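Hi,

Here is the structure I promised to send over. Have a look at it first, and then read on for my notes.

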Amino acid sequence: MQTLRLLVTMLGTCLGLLAAAIAATGANPTQLDTRSMLPSHRRQKRDWIWNEMHIDEEKTSLLPHHVGKIKSSVNRKNAKYLLKGESAGKIFKVNEDTGDVYAWERLDREKKSEYRLTAFIVDKDTSKDLEPPSSFTIKVHDVNDNLPVFTRQLFNASVPEMSPAGTSVIHVTAVDADDPTVADHTSIVYQVRKGDDKFGIDGSGLIFTKTTNLDRETQGKYEIVVEARDARGKQGESGTATVLVTLQDVNDNFPIFTRDKYTFAVPEDIRVGSPLGSVFVEDPDEPQNRMTKYSIVQGEYRDTFTIETDPTRNEGIIKPMKPLDYERIPQYSFTIEATDPTVNLRYLSSSPTRSIARITINVTDVDEPPVFHKPFYHFSLQENQKKRQIGSVMATDPDSARHSIGYSIRRTSDKGQFFRVSKLGNIYNEKELDREIYPWYNLTVEAKELDSSGTPTGKESIVQVHIEVLDENDNAPEFAQPYEPKVCENAAPGQLVVRISAIDKDITPSDVRFRFSLSTEDSNFTLMDNRDNTANITVKYGQFDRERVKVHFLPVLISDNGTPSLTGTSTLTVAVCKCNERGEITFCEEATPQVGVSIQALVAIFLCILTVTVITLLIFLRRRLRKQARAHGKSLPEIHEQLVTYDEEGGGEMDTTSYDVSVLNSVRRGGAQPPRTPDTRPPHYAQVQKPPRRGPGMHSAPGEMAAMIEVKKDEADHDGAGPPYDTLHIYGYEGAESIAESLSSLSTDSSASDVDYDFLNDWGPRFKMLAELYGSDPREEPLY
């Protein structure tokens, strides 16, 4: 304490001496004269005595506010102070005479904390700088005038439901615009204004849970209001924000059936594995946390039905695992359970861990197809057997009606119609079977229900019948392969020509034995049976005469040991060749094997040749008749008119120039006819053309055409120069199906026809001329 008192005393003495010195010089207390401190031998330097000023923000006193005073170390009476820089003249102004700086606005440190200005001292008269400019800074002192503000007004957060107390939810932050370097100006205190029963907040702004029973199924969202208060500020100065907390779902609930009993009706012919019904449960958890497992209580039709979970809808789908039969079991009843094995055990409550329900399935009767007693049938039959019963199939009606059953063989499985089935299901062969052609036959037998009259009704079913053809020894042995032996004409006796072996188309047992022999001994060859199903052909006498016989045909008899034993003859074709001294063949002609042709093949070839010959003759005769017809047609002196059919329609109502009927009109007017001679004919046939189109007011009647035809006929009858026969050309006939029938005028030369052509008037403008020609005209009497 004594030391402290001594220091205070010394400080007071120093301040007193300093004040006395300043008073003696007559200087302003705010100025500092440093010239007196300089040694007397140094040159005095003009200098500013300041470089920084201070002012409090948000001052409540009247404007302007005095900031400070600027003054040079050289005191001149004719000096003037100027201020330049940012906000100079707007916010800050200086007294030109005294150098006092004033602020003309209330300052806010949070907007701008300092200002940089430049002071000038100039001559009032000449405005020349008396000293170099000097820069200085005005700093705004902070006051605790800002309340904390949250970075956001709304925060979103989430936390798993049933979380333990103290689980972090979200960290919120509030900021204070005051100067953090000033003690306690930015200290913030957080608290929960709403929702503090479930959530809390610490000094750093971290929100946490205060309870463990946050259940999403009870309440899924919470709205919390937090407050941030300035620790040293005025009471009531605080900022608030809202935090929306969403509870995340966890799998903490077990499924519960919506009903205690489920009843389904299903037809007995439902396919195995197809769904027959669904059961449903309620699980308050979200879909991603619903892992329901369905099962049938042990011992109750677990091998007949199964229940699968649909992951998208969380439902149980019941499917049959075996065929259902109404006649055997019309109803099934069993219990199923639903549980969730993925539920976290720490969330278990007093609720049951599983739910059960009773299932009843009523099987309905349907008209089922007949059912064969076996899934397939296998019968055997000895080959070459005549008509006999092979076996029997049997099917029954599974329905309560018990209809009789009819059987048939599907033709596609028996295209050769080798078999038939009786009404009782007995299968017979209609033809002899050859195992070497078809060792197996696979038949498809159909079974259909029959009504009381024996007519097939209802559904059908099929079964496969496999018929095996048993072998018997009905094929003689033959060479195992085609042989082409060659022998030298100078071969020695006993020389091997070829070794032969045999095969049998029948089933060859393991103890089969083939015996070989020559059908004749009158040859230069001998055969030696090796007793191993082979034989050697050797030279008997030697020295062949190639000039006399170049090829030898050697029949070989081959017998088997079957029951009965069969013997076949195969012919070896041995060629005699020229050889050198070493026995090597030097020249040999290829032996031409004898090819046998069956009678059936010869008949087929003959029929083909005969058919081709007949077709060729017919084509030749047809061409010849055509040529004769053309020649005959050119030589006939047809000196008479012909009726020529035209296919064009004509030009319509007003077409009166397309056709020339002057020839016909000349006949009607009694004009002269051109003379005819037997040896001359006109260059063109006279053509009976269609009557020309006539304009309105002109009329024609079928009587004119009839009169013209009569004149022509009479002319032909009295023409002595004409040929003594008539030529009639038949024109196209419309057919019996057309109501107009034939349009030829040859059949309408008499007006006594009972056909009424007035209907042509209803056919439109194109048939108007035809209607006028053949229609009835009341002004003319019909010609007889």
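Below is what I found in it, going from the cores to the sheets and then to a few odd spots in the backbone.

One thing before you start clicking around: this is a predicted model, so please read everything below with that in mind.

**The cores**

Let's begin with the largest nonpolar core, which has 24 residues. If you want to find its middle on screen, pick Val487, Ile500, Phe516, Ile537, Val556 and Leu572, as these touch the most other members. Strands β37 (496–503), β38 (515–518), β39 (525–529), β40 (534–539), β41 (551–559) and β42 (567–579) each give two or more residues to this core. The largest share is that of β37, with 4 residues. There is also a second, separate core, made up of 23 residues, with Ile405, Val421, Ile427 and Val463 among them. As a general point, nonpolar side chains tend to be buried together in soluble globular proteins.

Val487 is a handy place to start. What does Val487 touch, once neighbours within four places in sequence are set aside? Its contacts are Val497, Phe525, Val539, Phe544, Val574, Ala575, Val576 and Cys577.

**β40 and its partners**

Next, take a look at β40, which is mostly covered: 6 of its 6 residues are buried. Thr534, Asn536 and Thr538 point one way from the strand, while Ala535, Ile537 and Val539 point the other way. So which of the two faces is buried, going by these residues? Both are, since all of the residues named are buried.

β40 has antiparallel pairings with both β37 and β39. With β37 it shares 5 bridges, and there Ser501 sits opposite Thr534. Another 5 bridges join β39 to β40, and in that pair Leu527 has Ile537 as its bridge partner. That is the Ile537 listed above among the core residues that touch the most other members.

The hairpin of β39 and β40 has 4 residues between its strands, and Arg531 takes a positive phi near 65° there. Asn533 lies in that loop between β39 and β40 too. Its phi is near 65°, again positive in a residue other than glycine. Asn533 has a relative accessible area of 17%, and anything under 20% counts as buried, so Asn533 is buried.

**Two open sheets**

Two open sheets are worth showing in cartoon view. One has 4 strands in the order β18-β25-β24-β21, with mixed pairing. Its edge strands are β18 (261–267) and β21, each of which pairs on one side only. From one strand to the next, the twist averages 30°. Within this sheet, β21 pairs with β24 (residues 331–339) in the antiparallel sense over 4 bridges, and Tyr294 stands opposite Ala338.

The other open sheet is also built from 4 strands, here in the order β27-β34-β33-β30, and its pairing is mixed. Why does one side of β27 and of β30 have no neighbour in the sheet? Because β27 (376–382) and β30 (404–409) stand at the edges, each with a single partner strand. The average twist between successive strands is 30°. β30 runs antiparallel to β33 (residues 440–450), with 6 bridges between them, and Tyr407 is found opposite Ala447.

**Backbone oddities and one proline**

A few loop residues deserve a closer look:

- Thr563 and Pro564 are joined by a cis peptide bond, with omega at about -5°. Pro564 is in the loop between β41 and β42.
- Asn314 is not a glycine, yet has a positive phi of about 60°. Asn314 is in the loop between β22 (305–310) and β23 (315–320), and with 9% relative accessibility it counts as buried.
- Pro284 is in the loop between β20 (281–282) and β21 (293–296). At 40% relative accessibility, Pro284 counts as partly exposed.

Pro284 also comes with some partners from elsewhere in the sequence. Leaving aside neighbours within four places, Pro284 is in contact with Arg216, Glu217 and Asn253. Pro284 and Pro255 are 29 residues apart along the chain, and their C-alpha atoms are separated by 8.0 Å.

That's my list for now. Shout if you'd like to go through any of it together.

Cheers

Conventions. Residues are numbered from 1 along each chain as its sequence is written. This is a predicted model: local features need pLDDT of at least 70, side-chain atom pairs count only at pLDDT 80 or more; totals for chains, interfaces and linings use all residues. Side-chain values use heavy atoms; hydrogens and water are left out. A nonpolar core is a set of buried Ala, Val, Leu, Ile, Met, Phe, Trp, Tyr and Cys residues joined through side-chain atoms within 4.5 Å. Buried means under 20% relative accessible area, exposed over 50%, partly exposed in between (1.4 Å probe, protein chains only). Contact means heavy atoms within 4.5 Å. Two strands pair if DSSP finds at least two bridges between them. Axes are lines fitted to C-alpha atoms, for helices over the stretch in contact, and angles run from 0 to 180 degrees between N-to-C directions.
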